[in-house]
Amino acid sequence: MAKAEIESQENQRLDKWLWAARFYKTRSLAVEAINGGKVHANGQRAKPSRTIRPGDQLTISQPPYEYVIDVLALKKQRRPASEAQLLYQETPESREKRELLREQIKNEPLGFRDQKGRPSKRDRRHIIKFTRGD
């Protein structure tokens, strides 16, 4: 898709842009995230109606990951993911940080992996004793 096909608007609402760029599945989810302080525009907490322009920097927290992106273009409609990726560019520092966190999570051991199936009779007695407080 050529850059000429991307609409050249002056500005757009933040919630609509997050929806069009496919960071959130619905606009209402985008609004909830913005109101919950998960999205910052140019280092400041934003409101859903905040207007953004190409060149703005957004910080989007989707635990456990955090994206720092630069807005490249605006789009009114939600398009396929391949087109949505043309609307922004993630900073190299953000990408490295995310990859490092992904590796740490992958290498982290999961709680009680060695147990398989249902608890044994002995385990059940321990569970009952623990929940009663005996």
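## The Arg98–Glu90 salt bridge

In this predicted model, arginine 98 and glutamate 90 form a salt bridge through their side chains, with an N to O distance of 2.7 Å. Both residues of the pair are buried. For glutamate 90 the relative accessible area is 10%, and since the limit for a buried residue is under 20%, glutamate 90 falls in that class. Side chains of opposite charge can pair when their charged atoms come close.

The contact between the side chains of glutamate 90 and arginine 98 also counts as a polar contact, at 2.7 Å. A polar contact of 2.8 Å links the glutamate 90 side chain to the side chain of serine 94. Leaving aside residues up to four places away in sequence, glutamate 90 touches Tyr67, Val68, Ile69, Arg95 and Arg98.

## Setting of glutamate 90

Glutamate 90 is located in strand β7, which covers residues 88-90. Across from glutamate 90, in the pairing of β6 with β7, stands isoleucine 69. These two strands, β6 and β7, are antiparallel and are joined over three bridges.

Helix α4, made of residues 92-107, lies across both β6 and β7. The angle at which α4 runs to β6 is about 160°. Strand β6 has two faces: Tyr65, Tyr67, Ile69 and Val71 make up the covered face, while Glu66, Val68 and Asp70 make up the uncovered one. Ile69, the residue opposite glutamate 90, thus belongs to the covered face of β6.

## The five-stranded sheet

Strand β7 is part of an open sheet of five strands, arranged in the order β3-β2-β5-β6-β7 with antiparallel pairing. The edge positions are taken by β3 (44-45) and β7; each has a single partner strand, so one side of each has no neighbour in the sheet. Strands of a sheet pair through backbone hydrogen bonds, either parallel or antiparallel.

Within the sheet, strand β5 (residues 57-62) and strand β6 (residues 65-71) are antiparallel and connected by six bridges. The two strands form a hairpin, with two residues between them. Leucine 58 is placed opposite isoleucine 69 of β6, and threonine 59 has valine 68 of β6 as its bridge partner. Isoleucine 69 therefore faces leucine 58 as well as glutamate 90 of β7.

## A second group of charged residues

The structure contains five salt bridges. One of them joins the side chains of arginine 13 and aspartate 15, at 3.0 Å from N to O. Aspartate 15 is buried, at a relative accessible area of 1%, whereas arginine 13 is partly exposed, at 31% relative accessibility.

Aspartate 15 also takes part in a salt bridge with arginine 27, where the closest N and O atoms are 3.2 Å apart. Because arginine 27 belongs to helix α2 (residues 27-35) and aspartate 15 to helix α1 (residues 14-20), this pair ties together parts that are twelve residues apart in sequence. Arginine 27 is partly exposed, at 33% relative accessibility. Through shared partners, the salt bridges of Arg13, Asp15 and Arg27 form one network.

## The chain as a whole

The protein chain has five helices and seven strands. In sequence order these follow the pattern β-α-α-β-β-β-β-β-α-β-α-α. The chain is made up of 134 residues, and 26% of them count as buried.

Among contacts with a separation of 6 or more, 49% are between residues 24 or more positions apart. The chain has an accessible surface of about 9800 Å², and carbon and sulfur atoms account for 49% of that surface.

How values were computed:
Residues numbered from 1 in each chain as written. Predicted model: local features only at pLDDT ≥ 70, side-chain atom pairs only at ≥ 80, totals over all residues. Heavy atoms only, no water. Helix = DSSP H or I, 4+ residues; strand = E, 2+ residues; numbered from the N terminus. Buried < 20%, exposed > 50% of the residue type's maximum accessible area, 1.4 Å probe, protein only. Polar contact = N/O pair within 3.5 Å; in protein donor to acceptor, adjacent residues only side chain to side chain. Contact = heavy atoms within 4.5 Å. Pairing = 2+ DSSP bridges. Axes fitted to C-alpha atoms, helices over the stretch in contact; angles between N-to-C directions. Salt bridge = Lys/Arg side-chain N within 4 Å of Asp/Glu carboxyl O. Areas by Shrake-Rupley, 256 points an atom, 1.4 Å probe, with all protein chains shown as cover.
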